[in-house]
Amino acid sequence: PVGLPDFNANDVSIIVYPSPAKEVFFIEGMQAKEVSLTDITGRAHMRALYTESGVNVTGLPAGIFFVNIISSKGERVTRKISLVK
């Protein structure tokens, strides 16, 4: 196979919290390196390196987003999050 390996997407131990988020959200259960957010239409809204201080989403509109996470090992997983204002 070509590309990055997929992490076990059904692994419930990988969580994105809080949801709904207002200003910042965090990822627990894997060593996240990079995070991108897309809306339900597939439009990309942000891409950032993940840090222990979380992901700042204050500049994004309220709505439902997919959090695409890439780990430090290149594993990929997607989670859903709601943003409120």
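Let's start with Val24, which stands opposite Asn56 in β5. Keep in mind, everyone, that we're looking at a predicted model. The strand to look at here is β2, residues 24-28, and 2 bridges join β2 to β5, with the two running antiparallel.

Now zoom out to the sheet. It is an open sheet of 3 strands in the order β1-β2-β5, and the pairing is antiparallel. Which strands stand at the edges? They are β1 (15-17) and β5 (55-56); each has a single partner strand, so one side of each is left without a neighbour in the sheet. As a reminder for anyone who lives mostly in force fields, strands of a sheet pair through backbone hydrogen bonds, either parallel or antiparallel.

Next stop, Arg79. You'll find Arg79 in strand β7, which covers residues 76-83. Is Arg79 buried or exposed? Its relative accessible area is 15%, and because buried means under 20%, Arg79 counts as buried. And what does its side chain have for company? A polar atom of the Arg79 side chain lies 3.0 Å from the backbone oxygen of Ile14.

Last one, and then I'll hand over. Please rotate to Phe66, in strand β6, residues 63-71. Phe66 has a relative accessibility of 31%, so we call Phe66 partly exposed. Phe66 also belongs to a nonpolar surface patch, together with Ile40 and Ile64. How much area does that patch make? About 280 Å².

That's my tour, friends. Thanks for listening, and do shout if you'd like to go back to any of these views.

Conventions
Residues numbered from 1 in each chain as written. Predicted model: local features only at pLDDT ≥ 70, side-chain atom pairs only at ≥ 80, totals over all residues. Heavy atoms only, no water. Helix = DSSP H or I, 4+ residues; strand = E, 2+ residues; numbered from the N terminus. Buried < 20%, exposed > 50% of the residue type's maximum accessible area, 1.4 Å probe, protein only. Polar contact = N/O pair within 3.5 Å; in protein donor to acceptor, adjacent residues only side chain to side chain. Patch = residues over 30% accessible without salt bridge, like charges linked within 9 Å, V, L, I, M, F, W, Y side chains within 5 Å. Areas by Shrake-Rupley, 256 points an atom, 1.4 Å probe, with all protein chains shown as cover. Salt bridge = Lys/Arg side-chain N within 4 Å of Asp/Glu carboxyl O. Pairing = 2+ DSSP bridges.
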